[in-house]
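User: I would like to learn how to read a few features of a protein model, with the general idea placed before the particular case. Could we go through them one after another?

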Amino acid sequence: MKKRSLSLVGMLLIVALIVAACGSGNNESSGGNISESGEITNKKVKLMRTYHAGLEQFKGSDNINSNKLYNLLKEWSGYNINYETLPKDNASQKISVILASGDVPDLMHIPGKSDYFKLAQQGSFEPLDDLVEKYIPNLSSVFSKEQLDAARLDGVLYGLPVRVAQKVGNGVLIHDGVFKELGLKDPTTLDEMYNVLKTIKEQKNIIPLTAAASNPGSFMGAFSPISSMYGVGNTTVEKDGKLAFSWIQPEYKTFLETMNKWFKEGLIDQEFAINKDVKDKMITATAAMSVLYWADAKIIDDAIAGKGGTLNSVRYIDPPVGANGQSGVPEQSLANSFVVIPKQAKNKEGAADYYNFLLEEKTDTLITFGIENEDYTVEDGKVVQTPEQSNEIPWRTLYFNLDTDTSFNARLGAKGFLPYYNQLLEHKQNREETAYAPFIEAYDTKLTELSNYVAENSIKFIMGNRDLSEFDAFVSEFNAKGGQKAIDEMNEWFTSK
């Protein structure tokens, strides 16, 4: 009886192993999705994207899975696509629940570098290198090797970055009317910048340089073109083949000394630390200069024109150059979201093929502009679309898995932002190396806390509430809060790449 029990157990174990092996094989190859000739036979693809305001912009009975653009995407691709969306709040929690359930989409957006790398490390995503080679040939026209490498974990690609087309955000914006009235030339050096600010203060008695530094994370951007003149406008700087935090360098102390001097002399807005917005000060010409976003520039310009002034009353100038030839503004970081194929997806090949379809020029034109002769026209080989036509289909960006230059520029053009953004493109852009790193826990989990600590103390140093003789103590405090450990672990990646 005992022998028969063991024999039965053995037989059941063998059957279980065979079933498991078959199941594992199906999971790896997505089962019967490929015909003997190599064609994809499964034409059903489920795609889950992050929440987007476009979901609230449909009219009538239209929705993300039923409208004129979706119908063409379905027809042109040959795929029966089902779009679903993550909730507006607690997306990370929902993603974990979905992946644990086994009922997963074929393509999925993962917001956040931390979640992406942690889930990839847990084996939640399908390795993509083979799928990219076979089914996504258009990828090479969108991403550089270096950009894709930033999404790799231990050399394996598990996700495709949700590309951000914006290359630059802030710049030095001046009130051109004030400059013309005083006969001022655009400052090109640190000394010229100081003399311009001083002249504005003495002759107009308005705020020479205003800024809004009270919002979380706003301080760094508020003065980045000035700190860039000292080579410390980005989060890190390379020294002796390693990365170091810019904020604890001697050059950063020199930057703070300059800002402290300007503040004492009234050249910087005395309310910069509590300002949440400075557009009104630029509109009313109670301030002559600020570091502002390209969208803010248009709002200011339109408001001035609406008050009887002229359009083009504000403009961007080139960032002044420091004593060592350093200048510029921070380059926009790489995307912080990724498109993945979950490990348990039923149609991995179809998901990759549909993603490739979304990268085609014809598809990009459709989801950028809509339908020709209905949402736009073509004149002399160029797309012509009115703001009214663009605003009729604001939800079209729901179908992007990444942002192309064509689409980004078209949207800015339709809303009138492009002339201001284009001014910024001419400026030197300083690359942040850590943007190309994988998730590094000691660095990424502490960066917000560290940068907030720097902003808090920088404001104190500038306003004189903390003496700059304590800068070395500030550096020690910064390192003790995790700064040293963060940069050490970041350098393990940087020095080995």
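User: How many bridges join strand 3 to strand 13, and do the two run parallel or antiparallel?

Analyst: Please keep in mind throughout that this is a predicted model. In general, the strands of a sheet pair through backbone hydrogen bonds, either parallel or antiparallel. Here, strand 3 and strand 13 (residues 337-340) are joined by 4 bridges and run antiparallel, and within this pairing His109 stands opposite Val339 in strand 13. Strand 3 also pairs with strand 1 (residues 44-49), through 2 bridges and in a parallel sense, with Leu47 standing opposite Leu107 in strand 3.

User: In which order do the strands of this open sheet follow one another, and which stand at the edges?

Analyst: The order is 2-1-3-13-6, an open sheet of 5 strands with mixed pairing. Strand 2 (80-85) and strand 6 (159-161) stand at the edges, and because each has a single partner strand, one side of each is left without a neighbour in the sheet. Neighbouring strands of this sheet are turned against each other by 25° on average, with direction ignored.

User: How many residues of strand 3 are buried?

Analyst: Burial is judged from relative accessible area, with under 20% counting as buried. In strand 3 (residues 107-111), 4 of the 5 residues are buried, so this strand is largely enclosed by the rest of the structure.

User: How many aromatic pairs does a search of the whole structure find, and how should I read the one between Phe245 and Tyr443?

Analyst: A pair of aromatic rings is described by the distance of the centres and the angle of the planes. The search finds 28 aromatic pairs in the whole structure. Phe245 and Tyr443 form a stacked pair, with 5.8 Å from centre to centre and 0° between the planes. Since Phe245 belongs to strand 9 and Tyr443 to helix 19 (residues 441-444), the pair ties together parts that are 198 residues apart in sequence. Phe245 is buried, with a relative accessible area of 2%, and Tyr443 counts as buried at 2% relative accessibility. Ring pairs also link Tyr293, Trp294, Phe408, Phe417 and Tyr421 into a cluster.

User: What lines the second largest pocket, and which residues lie nearest its centre?

Analyst: One can read a pocket through its volume, its lining and the classes of residue that make up that lining. The second largest pocket has a volume of about 400 Å³ and is lined by 18 residues, of which His52, Val162, Arg163, Asp403 and Arg411 lie nearest its centre. Helix 17 (residues 405-415) provides the largest share of this lining, with 3 residues. By class, the lining of the second largest pocket has 7 nonpolar, 7 polar and 4 charged residues.

User: Where does Asp240, with its positive phi, have its place, and is this residue buried or exposed?

Analyst: For a backbone angle such as this, it helps to consider the location and the accessibility together. Asp240 has a positive phi of about 55° although it is not a glycine, and its place is in the loop between strand 8 (236-239) and strand 9 (242-245). With 82% relative accessibility, Asp240 counts as exposed. Asn205, a residue other than glycine, likewise has a positive phi, near 55°, and is placed in the loop between helix 8 (190-204) and helix 9 (219-222). At 60% relative accessibility, Asn205 counts as exposed.

How values were computed
Residues are numbered from 1 along each chain as its sequence is written. This is a predicted model: local features need pLDDT of at least 70, side-chain atom pairs count only at pLDDT 80 or more; totals for chains, interfaces and linings use all residues. Side-chain values use heavy atoms; hydrogens and water are left out. Buried means under 20% relative accessible area, exposed over 50%, partly exposed in between (1.4 Å probe, protein chains only). Two strands pair if DSSP finds at least two bridges between them. Axes are lines fitted to C-alpha atoms, for helices over the stretch in contact, and angles run from 0 to 180 degrees between N-to-C directions. On a 1 Å grid over the protein atoms alone, a cavity is a set of points where a 1.4 Å probe fits but cannot get out, and a pocket is an open set with protein on both sides within 12 Å along at least five of seven lines; lining residues have an atom within 4 Å of a point. Grid points are joined across faces, edges and corners, and a volume is the space filled by probe spheres set on the points. Ala, Val, Leu, Ile, Met, Phe, Trp, Tyr, Cys and Pro count as nonpolar, Asp, Glu, Lys and Arg as charged, and the others, Gly among them, as polar. Rings of Phe, Tyr and Trp (its six-membered ring) pair if their centres lie within 6.5 Å; planes under 30 degrees apart count as stacked, over 60 as edge-to-face and the rest as tilted.
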